[in-house]
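Dear colleague,

Please find the structure we discussed handed over below. A summary of what was found in it follows directly after.

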Amino acid sequence: MAANGHPALRATDLHRIYIQSLLSRRAMTEDVAIEMYRRAVSAVLHTHPDFVPAHQRNRSGLKDFLDEISVLLEEVSMYVRRGQEGKHIWVVLCNTEAGDIAQHATDLTPLEITFYRTVVEAIITSYPANSVSTAEALHQTAELESTMKRSDAEHLLSALVSRQWLAKSKRGRYSLAPRAMLELDHYLKETYEDYVQKCKQCERLMLSGVACDAGDCDAHYHTHCYDKIKGSPRPKCRQCQADLNEIQPRAIGEGAIGRNEDTWTNAQRKRKRPSRANGNGRDDDDDEEDGNGASLEEEEVDRFTQSQAQSQSQSQSQSQSQAGPSRRRSGRETLVPDSIDDDDDDHDDHDDESAPPRRRR
Amino acid sequence: MPRRDDDGDSDQEGSGLSRADAKSLAAQVVRLALFHEYRRQPLKREVIVKTVLAQKPRSFDTVFERAQKTLRSTFGMELVELRAKQKGDVAEMAAAAAETQRRKSKGKKRARQGDDEEEDAEEDEEDADASKEKRKAGTKNYILRSTLAPELVAAMATPRPLPFPQGGGDDEEHLAELEKDSGSLIRWEKGDGTPSGAIGMLGVRTVILCLVLCLGRSANDDQLHALLRRLNLTRDTVLPYVSEDGKEEPLTLDKYLDLLTKQHYLEKAKMPNPTAEGHIIEWRWGSREAEFSENAAAAFIERIFINEDESDPEEDVVEEGPDGVQRRITPAEARRKKRRTLRQDLERAAGGALTGQV
Ligand SMILES: [Zn+2]
Ligand SMILES: [Zn+2]
């Protein structure tokens with residue numbers, strides 16, 4: 001630890017309590033994380049009334065405290081990540097060694113891990129929607145080597161939402177939840193470098209927000225980053241310098257596609273896209289909660305959905321040709337807990353039954 | 001990115017490991033332990049050897065000690081070896097357990113952190129009796145247990161609603177999340193990926209463990225189910241508690257008993273039937289009693305039966321003495337008495353002094 005410029009950081013009960021809290025909660029919005037810090041301090045004060053916490057019980061105090069936690073956890077290749085996703089700042093306990101999904105969701109069976117991976121792939125390759133409908137998500141079971149019952153897939157999806165690996169919108173569309181964005185960003189950037197976009201403002205992974213639509217420009221922005229630029233006196237696109245007051249950006253994420261996409265059926269995928277009914281603009285009104293503040297003109301929506309239809313069919317053929325298993329790269333060398341089961345005689349029975357299709361390489 | 005070579009220190013530690021190597025291997029053991037605990041699955045020594053120490057099986061002790069050090073100092077946890085599965089007569093087991101307890105309290109002055117050293121020391125004691133010897137052979141199965149003070153652990157599990165954002169906030173989804181959150185530092189339903197992670201299931205488990213304890217530490221299958229039926233729980237009752245993090249469907253009582261056996265909360269013993277052919281099934285506590293002890297169970301039962309803040313503390317209680325004469329005592333006195341009696345009843349029901357830390 002001395003190497004990191006923290007010569008004498010020693011863990012106190014306050015650190016231990018907070019680390020245990022992080023282990024059980026994994027991902028918290030910042031307001032909850034601050035409240036947990038306050039409660040951790042109270043717990044210590046209750047047993048040691050003369051305890052004086054080193055940091056204030058507010059946002060900046062928590063930030064400093066979390067830095068200490070990260071230093072303490074470095075030894076075991078974990079750290080705390082703090083970053084804005086959607087409307088909130090999130091605090092997430094991350095593994096540095098785990099670039100891949102398998103290491104995180106350790107109680108999932110190999111089949112379940114493959115299912116999650118497949119759903120993630122469907123989400124990423126649905127660009128610019130960056131989300132899949134419920135039916136589409138469930139349909140991913142068809143890609144698996146062993147069968148997964150529909151009801152099992154439904155349970156699993158809702159568990160993944162609760163564990164914050166996936167988010168489900170009011171429209172019933174699945175996208176990546178903040179925890180997944182913060183914990184899996186390396187994996188996503190490496191595995192899907194052709195799909196994922198980085199925000200031009202903050203350089204972080206972005207799956208929901210807006211894209212500049214001036215000429216050939218394709219600069220992507222998180223909604224909160226875009227709003228920040230728009231708040232400046234002369235808002236300009238970081239890439240093409242276009243005046244953002246003049247340009248209507250296009251939506252990225254769920255807002256990029258109309259509601260008729262939400263009732264996806266497998267047949268629909270093959271059929272020619274039905275011509276658009278009116279009312280897409282209406283639909284987009286309720287979508288603002290997912291953070292795309294961009295209100296699109298109706299004709300723009302039409303133009304946009306057409307181009308999106310093209311890019312979708314493009315990405316579909318791409319996903320067939322190269323986004324299949326062979327394209328997925330293996331993660332870094334890690335301690336992969338899913339190999340543990342092999343030794344275990346009293347583990348979940350279904351662990352053995354499903355052949356491990358996740359062994360890639 | 002892995003950053004493991006920080007000390008650059010190549011001191012030998014006798015095991016042929018440089019200090020940096022030992023540190024990085026120990027870190028992997030720590031991670032392995034955390035992953036296993038999330039599944040409520042004991043970590044086996046052979047798993048550590050195979051996954052972490054492949055090239056250096058003889059460095060187990062060095063690496064394990066180092067991992068314990070990190071777990072205790074950074075996480076406030078430690079790996080505890082599970083005892084072997086119970087064999088033989090229950091009364092004999094209880095006597096052995098009480099003996100262990102007596103020895104432990106002898107060395108209690110030692111720091112909590114020295115627990116396992118203490119056990120090592122015990123192992124060296126020459127007068128150890130035979131049944132204890134057997135237990136000490138060790139299962140080489142470990143679970144994680146908190147080393148924080150019991151008051152802290154209790155405070156961390158206390159639910160308290162989270163404050164709502166000032167001005168109400170406009171994000172309905174977020175408000176719904178806040179409302180769902182128990183507000184306790186440890187969110188049990190998040191820290192356990194198995195069906196037993198649901199708070200309701202934890203309640204059912206505790207009740208079952210208490211019943212087994214009160215049935216003399218060993219409950220005949222029929223006996224246990226007769227009692228559970230009085231709680232409206234039959235073998236195929238679907239227990240409707242599923243944590244949102246859980247991926248499985250609700251379990252039936254029978255399936256849940258099996259899961260608790262797998263998770264080492266219970267032990268299911270087949271005993272020869274003394275009166276007829278075949279065998280009978282007996283339920284006992286599993287080795288996870290290292291996590292939830294008999295004394296903790298007693299404290300739980302006391303909390304249910306004796307309400308600390310019983311209404312109207314002014315009013316005296318009329319009690320009838322053994323001589324049939326009625327007299328008045330203060331409520332506090334009544335509670336103290338009740339607790340004493342309850343404790344005696346529990347010990348009688350269990351068939352011996354209760355063991356373990358609260
Ligand atoms: Zn950004
Ligand atoms: Zn631009």
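**Zinc sites of chain A**

Cys202(A) is partly exposed, with a relative accessible area of 28%. Please bear in mind that the model is a predicted one. Cys202(A) is one of the protein donors of the zinc ion (ligand 1), the others being Cys199(A) (SG), His222(A) (ND1) and Cys225(A) (SG), and these donors lie 2.1 to 2.3 Å from the metal. Cys199(A), by contrast with Cys202(A), counts as buried, at 0% relative accessibility. The donor residues follow the spacing C-x2-C-x19-H-x2-C in sequence. Because the four donor atoms subtend angles of 96 to 117° around the zinc ion (ligand 1), the arrangement is tetrahedral.

The zinc ion (ligand 2) is coordinated through the SG atoms of Cys212(A), Cys217(A), Cys237(A) and Cys240(A), at 2.2 to 2.4 Å. Here the sequence spacing of the donor residues reads C-x4-C-x19-C-x2-C. The angles subtended by the four donor atoms run from 106 to 114°, so this arrangement is tetrahedral as well. Two of the donors can be described further: Cys237(A) is buried, with a relative accessible area of 1%, whereas Cys240(A) is partly exposed at 32%.

**Domains of chain A**

Chain A is divided into domain 1 (2-95) and domain 2 (101-282). Twelve residues of domain 1 are in contact with ten residues of domain 2. The two domains of chain A bury about 1200 Å² between them, with 52% of it on carbon and sulfur atoms. On the domain 1 side, Arg81(A), Gln84(A) and Glu85(A) lose the most area to domain 2, together 47% of what that side buries. Two salt bridges are found across this interface.

The side chain of Arg81(A) meets that of Asp185(A) in a salt bridge, at 3.0 Å from N to O. Gln84(A) is in contact with His224(A), which also contacts Gly86(A), neighbours within four places in sequence being left aside. His224(A) lies in helix H9 (residues 223-230) of chain A. With a relative accessible area of 17%, His224(A) is buried, because the cut-off for buried is under 20%.

**Interface of chains A and B**

The contact between the chains takes 63 residues from chain A and 61 residues from chain B. About 6000 Å² is buried between chain A and chain B, of which carbon and sulfur atoms give 52%. Three salt bridges are found across this interface.

In one salt bridge, Arg66(B) pairs with Glu75(A), the closest N and O atoms being 3.3 Å apart. In another, Lys247(B) pairs with Glu112(A), with the closest N and O atoms 2.8 Å apart. This pair crosses between chains, from the loop between helix H11 (221-230) and helix H12 (253-262) of chain B to helix H4 (residues 110-124) of chain A. Lys247(B) is buried at 6% relative accessible area, and Glu112(A) is buried at 13%.

**Salt bridges within the chains**

The count over all chains comes to 39 salt bridges. Within chain A, Asp262(A) forms one with Arg171(A), the closest N and O atoms being 2.7 Å apart. Asp262(A) lies in the loop between strand S11 (250-252) and helix H10 (266-270), and Arg171(A) in the loop between strand S5 (166-168) and strand S6 (173-176), so the pair ties together parts that are 91 residues apart in sequence. Asp262(A) is buried at 14% relative accessibility, and Arg171(A) is buried at 9%.

With kind regards

Methods
Residues numbered from 1 in each chain as written. Chains lettered and ligands numbered in written order. Predicted model: local features only at pLDDT ≥ 70, side-chain atom pairs only at ≥ 80, totals over all residues. Heavy atoms only, no water. Helix = DSSP H or I, 4+ residues; strand = E, 2+ residues; numbered from the N terminus. Buried < 20%, exposed > 50% of the residue type's maximum accessible area, 1.4 Å probe, protein only. Contact = heavy atoms within 4.5 Å. Donors = N, O, S within 2.8 Å, 3.2 Å for Na, K, Ca; no water. Tetrahedral: all angles 85-135°; square planar, octahedral: opposite > 155°, others 65-115°. Domains from an automatic or database assignment. Buried area = accessible area lost by both parts, 1.4 Å probe. Salt bridge = Lys/Arg side-chain N within 4 Å of Asp/Glu carboxyl O.
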